[in-house]
Amino acid sequence: MIAISRSLVFAALFMAACSPHAADGADKAPAQVAAAVHPISGLSVIDLKVSSHRRSHMFRVEVAATPRQQARGLMFRTTMGADEGMIFPMNPPRDAAFWMKNTVMPLDIIYIGVDGCISNIAANTTPYSEAPIPSVGPVKAVLELNAGRAAQLGIVPGDRVEW
């Protein structure tokens, strides 16, 4: 009888630990437990905020985290939502230069300095251009948005970027 009781206790503990309602996610909806993934690129999608003293704006951005993801970037993509973009984290921070090879859409390329503020913006870049578009100094990330979006929203060098 004791052996049966121990077996039952073990089975109950095992089932509780494997339950989808286990303590680590019990009060979270399934969508909150799973990370957001972009339907085209398959990259993780996160919230990103650009702010100044007067205003702030939220974006949903794809994260190009690996060298391979960064090399591909937004190449061959034909559309992107108004409040969407792609972030390229640079770890460690470094001077960066992007190009538009195989990039169909014109973009605003926003360089984010090591202090988290925008150092420079290459606005309305030319699709398919292989000319390098450099940062002004080392950056911890590069943000790509639809061309003209930075000007539309009043995003300028010195604005803070958080993600």
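Biologist: What does the secondary structure of this chain come to?
Modeller: In this predicted model, the chain has 4 helices and 9 strands. Read along the sequence, the pattern goes α-α-β-β-α-β-β-β-β-β-β-α-β.

Biologist: What share of the chain do buried residues make up?
Modeller: Buried residues make up 35% of the 163 residues. To be called buried, a residue needs a relative accessible area under 20%. As for the outside, the chain exposes about 9,700 Å², and carbon and sulfur atoms supply 61% of that area.

Biologist: How do you know that contacts join residues far apart in sequence?
Modeller: Take the contacts between residues at least 6 apart in sequence: 67% of them join residues at least 24 apart.

Biologist: Okay, let's get to single residues. Why is Asp159 called buried?
Modeller: Its relative accessible area is 4%. The cut-off for buried is under 20%, so Asp159 counts as buried. You'll find Asp159 in the loop between helix H4 (149-153) and strand S9 (160-162).

Biologist: Which residues does Asp159 touch, leaving out those up to four places away in sequence?
Modeller: Asp159 touches Val50, Ser51, Ser52, Arg55, Gly116, Cys117, Ile118 and Gly154. Ser52 is a nice one to look up: Asp159 and Ser52 are 107 residues apart in sequence, but 4.9 Å apart in space, C-alpha to C-alpha.

Biologist: And what makes Pro132 exposed?
Modeller: Pro132 has a relative accessible area of 63%. Exposed means over 50%, so Pro132 earns the label. Pro132 sits in the loop between strand S6 (118-122) and strand S7 (133-134).

Biologist: Which residues does Pro132 touch, not counting those up to four places away in sequence?
Modeller: Those are Ala97 and Phe98. Pro132 and Met100 are also worth finding: they're 32 residues apart in sequence and 8.3 Å apart in space, C-alpha to C-alpha.

Biologist: Why is Asn124 called partly exposed?
Modeller: The relative accessible area of Asn124 is 48%. Buried is under 20%, exposed is over 50%, and partly exposed is in between, so Asn124 gets the middle label.

Biologist: What makes the phi of Asn124 worth a look?
Modeller: Asn124 has a positive phi of about 50°, although it is not a glycine. Most residues other than glycine have a negative phi. Tyr128 is another case, with a positive phi near 70° in a residue other than glycine. Asn124 lies in the loop between S6 and S7, and that loop holds Tyr128 too.

Biologist: What makes the peptide bond from Asn91 to Pro92 worth a look?
Modeller: That bond is cis, with omega near 10°. Most peptide bonds are trans. As for where to look, Pro92 is in strand S3.

Biologist: Now the inside. Which residues have the most contacts inside the largest nonpolar core?
Modeller: Phe98, Ile109, Tyr111 and Val142 do, in a core of 18 residues. Strand S3 (84-94), strand S5 (107-113) and strand S8 (139-146) each give two or more residues to this core. There's also a second, separate core of 15 residues, which includes Leu48, Ile118, Ala150 and Val161.

Biologist: How do you know that Phe98 has many neighbours to touch beyond those up to four places away in sequence?
Modeller: Just read the list: Phe88, Met90, Ile109, Tyr111, Ala131, Pro132, Ile133, Val142 and Glu144. A contact here means heavy atoms within 4.5 Å.

Biologist: What volume does the largest pocket have, and which residues are closest to its centre?
Modeller: The volume is about 170 Å³. Of the 14 residues that line the pocket, Gln70, Ala71, Phe98, Trp99 and Glu144 are the closest to its centre. The lining divides into 8 nonpolar, 3 polar and 3 charged residues.

Biologist: Which elements each supply at least two residues of that lining?
Modeller: Helix H3 (67-72) and strand S4 (97-98) do. H3 gives the largest share, 3 residues.

Biologist: Last one: why is Ala71 called exposed?
Modeller: Ala71, which lies in helix H3, has a relative accessible area of 55%. The cut-off is over 50%, so Ala71 is exposed. Ala71 and Phe98 are 27 residues apart in sequence and 9.6 Å apart in space, C-alpha to C-alpha.

Notes
Residues numbered from 1 in each chain as written. Predicted model: local features only at pLDDT ≥ 70, side-chain atom pairs only at ≥ 80, totals over all residues. Heavy atoms only, no water. Core = buried A, V, L, I, M, F, W, Y, C linked by side-chain atoms within 4.5 Å. Buried < 20%, exposed > 50% of the residue type's maximum accessible area, 1.4 Å probe, protein only. 1 Å grid on protein atoms, 1.4 Å probe; cavity = no way out; pocket = protein on both sides within 12 Å on 5 of 7 lines; lining within 4 Å. Points joined across faces, edges and corners; volume = space filled by probe spheres on them. Nonpolar A, V, L, I, M, F, W, Y, C, P; charged D, E, K, R; others polar. Areas by Shrake-Rupley, 256 points an atom, 1.4 Å probe, with all protein chains shown as cover.
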